[in-house]
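Subject: The structure I promised you

Hi,

Here is the structure we talked about, ready for you to open alongside your notes. Have a look first, and then read on.

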Amino acid sequence: MKYLIRNITFIVLALLLQQCTYSQSSTPAKLNTMDTSKKTTNPAYSRTDKTPVNVTDEQWKKILPADVYEVARKKGTERAWTSPLENLHDVGTYYCAVCGNALFQSDTKFDSGCGWPSFYQPISKSSIIYASDHSYGMDRTEVMCGRCKSHLGHVFNDGPPPTHLRYCINGVVLDFEKAKEAEKKYNADKQ
Ligand SMILES: [Zn+2]
């Protein structure tokens with residue numbers, strides 16, 4: 001009996017320790033802060049409104065943070081390996097950081113090793129629009145947000161199955177939100 005109690009105490013302690021580590025590592029505070037600032041200062045941002053966004057370049061320049069504006073509206077490219085989303089493996093949805101349109105699910109994200117967040121499939125056909133890009137002497141396909149036409153990155157033919165596509169996306173124009181299921185599981189584990 002004594003052994004049993006000791007064993008149970010040990011298991012409970014081990015579980016408590018495990019949960020403590022989990023709660024420390026699972027919420028990237030930096031991402032949440034970035035999230036809030038984008039949403040409160042941007043009237044075009046909506047996770048539910050599907051109507052096209054018509055905002056002038058001048059207005060975007062005032063609304064968006066400089067790094068987001070440079071990539072989204074000026075078709076810039078963030079430096080490789082700089083996005084905190086590149087190595088993120090949490091379950092959830094990636095939205096357009098400019099307008100809130102849902103773009104990718106985490107289960108289509110893969111480690112491409114190219115230095116930018118990479119996906120093999122968008123969330124739906126209408127979530128992305130495509131354009132030929134012949135800049136810098138290259139023949140590439142540009143991908144833009146289906147709602148606000150912001151530049152997101154490019155798509156290449158060297159991705160994994162089932163699509164064999166690699167959507168190479170600038171992390172600065174992505175907003176990530178953890179799946180509700182994952183949050184529920186996390187909260188249940190905590191109790
Ligand atoms: Zn958008």
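Below is what I found, going from the overall layout to one strand and its residues.

Please keep in mind that this is a predicted model. The protein has 191 residues, and 26% of them count as buried. Its secondary structure comes to 5 helices and 9 strands. If you follow the chain from the N terminus, you pass four α elements, then a run of nine β elements, and finish on an α element. Among contacts between residues at least 6 apart in sequence, 57% join residues at least 24 apart.

Next, the core. The largest nonpolar core holds 32 residues, and the members that touch the most others are Val68, Cys96, Val98 and Val173. Helix H4 (66-72) supplies at least two residues of this core, as does each of the strands E1 (92-96), E2 (102-105), E6 (140-145), E7 (151-156), E8 (166-169) and E9 (174-178). The largest share, 4 residues, comes from H4.

Cys96 deserves a closer look. Leaving aside neighbours within four places in sequence, Cys96 is in contact with Asn101, Leu103 and Val173. The list of its contacts also includes Cys145, Arg147, Cys148 and Ser150.

Now for the sheet that E1 belongs to. Three strands form an open sheet in the order E2-E1-E9, with antiparallel pairing. E2 and E9 are the edge strands, each pairing on one side only. From one strand to the next, the twist averages 30°. As a reminder, strands of a sheet pair through backbone hydrogen bonds, either parallel or antiparallel. Between E1 and E2 the antiparallel pairing runs over 3 bridges. To find one of the bridge partners on screen, go to Thr93 and look across to Gln105 in E2.

Finally, Tyr94, which lies in strand E1. Is Tyr94 buried or exposed? Tyr94 counts as buried because it has 26 C-beta neighbours inside 10 Å, where 20 or more are needed. Not counting residues up to four places away in sequence, Tyr94 touches Leu103 and Phe104, and also Leu174 and Phe176. Tyr94 and Phe104 are 10 residues apart along the chain, yet their C-alpha atoms are separated by 5.1 Å.

If you have only a few minutes, start at Tyr94 in strand E1, then move to Cys96, one of the residues that touch the most other members of the core.

Happy browsing, and best wishes

Terms used: Residues numbered from 1 in each chain as written. Predicted model: local features only at pLDDT ≥ 70, side-chain atom pairs only at ≥ 80, totals over all residues. Core = buried A, V, L, I, M, F, W, Y, C linked by C-beta atoms within 7 Å. Buried ≥ 20, exposed ≤ 12 C-beta atoms within 10 Å, placed from the backbone. Contact = placed C-beta atoms within 7 Å. Pairing = 2+ DSSP bridges. Axes fitted to C-alpha atoms, helices over the stretch in contact; angles between N-to-C directions.
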